[in-house]
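Hello,

Here is the structure I said I would pass on. Please have it open while you read the notes below.

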Amino acid sequence: METKNFSHHIELNNTVIDDGFWSNVQKTVTDKVIPYQYEALNDRIENAEKSYCVENFKKASEIVKRLKNGEKVPVYPADKWCYDENNCDENAFHGWVFQDSDAYKWLEAASYSLQRKYDSELYEKSCDLIDIICSAQMENGYLDTLYIINDRDKAFSNLRDFHELYCFGHLAEAGVAFYQATGNKRLLCAAMKFADLICEVFGENGNPGYGGHEIAELGMIKLYELTNDEKYLKAAQLFVDRRGTKPFYFDTERGVTTDGSGYKYNQAHLPVREQNEAVGHAVRGVYLYSAMADLARLAKDETLYEACVNIWESITQKKMYITGGIGSTVDGEAFSFNYDLPNDLAYCETCASIGLIFFARRMLEIKADAQIADTVERALYNTVLSGMNIDGDRFFYVNPLEVLPEASREDSRKRHIKTTRQKWFGCACCPPNLARLIGSLGEYCYTENDETFFVHQYIGSSVQTKFGHLEIKSQYTENGHVEISADCQRPFTLALRVPSWCDSCKISANAEIKEGYAHIEITEKCVITLGFELKPRLVKCSNLVRENTDKLALCYGPSVYCLEAVDNGDNLQLLKLDTKTDFEIDCNSPMKEIKARGYREQADDALYAQYSQAAKTPCTMTFIPYRLWSNRGETEMTVYFRYV
C-alpha cells in the first residue's frame with residue numbers, strides 16, 4: 001500500500017458548516033429531531049411505539065444497587081430478540097435486545113450538536129441520561145441492560161444473536177464524542193471500563209468469539225485513536241481476524257457443526273480477507289467493512305484493503321440502488337444476488353446507507369477516488385434524507401423506490417413498505433443514526449494528507465487545515481456555483497472532486513484531473529471558483545435489473561427525482577415521458593419541482609385483449625426530489641417511469 005498517500009478526515013472542531021441547504025438540515029436535527037427523540041426514548045410520544053430504552057437503564061440501575069447491597073435479585077429468561085408486556089414479566093427487560101444502543105446514538109448526536117453550539121439544557125439532559133447509564137454499570141465494567149436485568153450469568157453466552165458487543169460499540173462512540181464535545185469524561189470512562197473487560201474476556205488467550213452484529217470493532221478503533229492504547233486496536237484486529245475462521249465460533253457457541261454458509265447473514269461465513277462480495281444483513285456488513293478499511297489503513301494491510309475494494313465494487317456496481325440505498329430484500333434486511341434491485345419490495349434501510357457512508361469515508365482516507373465520494377453524495381442527498389420528514393418528527397426505516405398504498409395494506413410481501421413516515425419504531429436504530437450522521441457531517445466532506453487537501457463534498461463551510469484556512473461558499477444544489485478561498489500558510493495541492501453527473505465543469509485555475517479530482521497547486525492566498533453545470537438528466541439502469549427494463553429515472557445534480565400521485569394522478573405506471581421534452585425547473589418552489597411533457601395511457605379494464613397500441617393523451621409530468629416524497633400525505637410514488 002502507498003502509505004504516503006493515506007489521508008485523514010478533518011475533525012469536527014476544525015469545521016464549521018455554513019450552507020444554504022445543509023445548515024437548515026442540521027438546524028432541524030438540533031432544534032427538533034434531538035428533543036423529539038429524547039422524548040421517544042423516555043416513552044413520552046403519544047401513540048408511538050414504545051422504546052423502553054431509558055426504562056431499561058433505570059431497571060438495571062436498581063438491580064446493580066441491590067447486588068451491591070448483597071440482596072438476592074430475580075432471574076428472568078434471556079432467550080428472545082424482543083420482549084414486551086405480553087411475553088415477559090413487568091419487572092424484566094423490555095424491547096429489543098439492542099435497545100441500549102438507541103440511547104448511545106442519541107448521546108452521540110447530542111454531542112455533535114453541543115460541539116457546534118453549546119446548549120445548557122441539552123447538556124443537562126445528556127448528563128442526566130449519562131448518570132442513569134453509568135449507575136447501571138456493574139462493578140466489573142459490564143454494561144448491557146438485557147443481561148443485567150434478566151440474567152447476569154448469561155452474559156456473552158449468545159454473541160451471534162444478542163447484542164452486547166454491538167451496544168458496546170455505540171457506547172464507545174458516544175463516550176468519545178461527548179468527551180470531545182464537552183470535556184466531560186464520565187461516559188467515556190464507562191465505555192473504557194467496559195472495553196477493558198471485553199479486552200480481558202476476548203483477548204488472545206481468552207474467548208475466541210466476535211459479535212453477531214458488528215460495530216464493536218469501530219468502537220475499539222475510536223478508543224484507540226483517542227487514547228493511543230494498543231490494546232483497543234488489538235481487540236478490533238482480533239474481532240476482524242477471527243471472523244469466519246474455522247472452527248466457526250457460532251458453531252462452537254451452539255455445539256453444532258455446519259459448513260458456515262448460514263453465517264453469511266453475519267458476514268462470518270469466510271475469513272474477511274477471502275470475502276469479495278457483499279452478503280448478509282446490510283447494516284452489519286457496512287459496519288464490518290468500515291472497520292476493515294480502518295484496520296487496513298492503520299495496519300498497512302494490503303490483503304485487507306483488497307478485500308475492501310472487492311466488496312466496495314460488489315456493492316456499488318451490482319447491489320446499490322440509484323438512491324444510494326442498499327440491502328434490497330426484507331428477508332434478513334440483506335444484500336440479495338447481483339442486480340436484484342426490485343423497486344416496490346426494496347428494503348434500503350436508512351441505517352444501511354448511513355453505514356455505506358461510514359465505509360466510504362474510510363476508503364477515501366486510504367485512496368481518494370471520486371467514484372467513492374460520488375456514492376457518499378448519492379446516499380446522503382437521497383436515501384439518508386428520505387429517512388426523515390421536513391419537520392423532523394417522522395421517520396422511515398425502509399426507503400422503497402415505488403409505493404402503492406393499497407399494496408402495502410393488502411399484500412403481506414409489502415407490509416414492510418410504509419406509505420408515510422412513522423412517529424417512532426420499537427426497533428428504532430435508524431432515527432438516532434440519522435441524527436448522529438447529520439450532526440457529524442463535517443467529517444465526511446474533506447480529507448488531507450501531507451501534501452493534499454481533498455474536497456469530497458461541496459458543502460459550505462469554514463475549515464482549518466494543516467495548510468491554512470479555507471472558506472467554502474457553496475450554491476452547489478442551487479446553481480452549481482462554488483467559491484473556495486484559501487489563506488495559504490504553506491504550498492499544497494487542492495484536489496476538487498468533479499461529480500460524475502456533471503458534463504461541463506468550469507474551474508478558474510489550471511487543474512490536472514486525476515482519479516476524478518481536479519488538482520490545483522496552491523502557493524499563495526487565492527480564490528478559486530467552480531461552475532458545475534446543473535441540468536436534468538435521464539438515467540438508465542442496467543438491463544440486467546429486470547424491473548427497470550425500458551424505464552428511466554430523472555436526476556438533477558446530486559438529487560434523484562420521483563413522481564407522486566398527488567401531482568400526477570393515480571396509476572403512475574400509465575405515464576410515459578417524452579424524452580424530447582424541455583424540462584421546466586422550479587427550484588424556488590417548496591417541493592423543488594421539475595415539470596416535463598409526457599403522455600398518460602388510457603386505462604384498459606380488460607385483463608387480456610388482442611394487442612393494439614394504447615391510446616394516450618398529452619399531460620404534464622411533475623417530479624419532486626426523492627428525499628421529499630411522502631411529506632404531503634399518503635400517496636403513490638415511483639422513481640422509475642416509462643418513456644417514448
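The notes below cover two strands and their pairing partners in this predicted model.

The first is β7, residues 452-455. Thr-452 and Phe-454 point one way from the strand, Phe-453 and Val-455 point the other way, and all are buried. On one side of the pairing, β7 meets β6 (residues 446-448) in the antiparallel sense, over three bridges. These two strands form a hairpin, with three residues between them. Thr-447 is the residue opposite Phe-454 in that pair. β7 also runs parallel to β11 (residues 492-497), and four bridges join the two. Here Phe-454 stands opposite Ala-495.

The second is β18, residues 559-564, where six of six residues are buried. Ser-559, Tyr-561 and Leu-563 lie on one side, with Val-560, Cys-562 and Glu-564 on the other, so both faces are covered by the definition of buried as under 20% relative accessible area.

β18 has these antiparallel pairings:

- With β17 (residues 552-556) there are two bridges, and Tyr-556 has Ser-559 as its bridge partner. The hairpin of β17 and β18 has two residues between the strands, and Gly-557 takes a positive phi near 60 degrees there.
- With β22 (residues 616-625) there are three bridges; Tyr-561 is partnered by Pro-625.
- With β23 (residues 637-638) there are two bridges; the partner of Leu-563 is Thr-638.

Regards

Conventions: Residues are numbered from 1 along each chain as its sequence is written. This is a predicted model: local features need pLDDT of at least 70, side-chain atom pairs count only at pLDDT 80 or more; totals for chains, interfaces and linings use all residues. Side-chain values use heavy atoms; hydrogens and water are left out. Buried means under 20% relative accessible area, exposed over 50%, partly exposed in between (1.4 Å probe, protein chains only). Two strands pair if DSSP finds at least two bridges between them.
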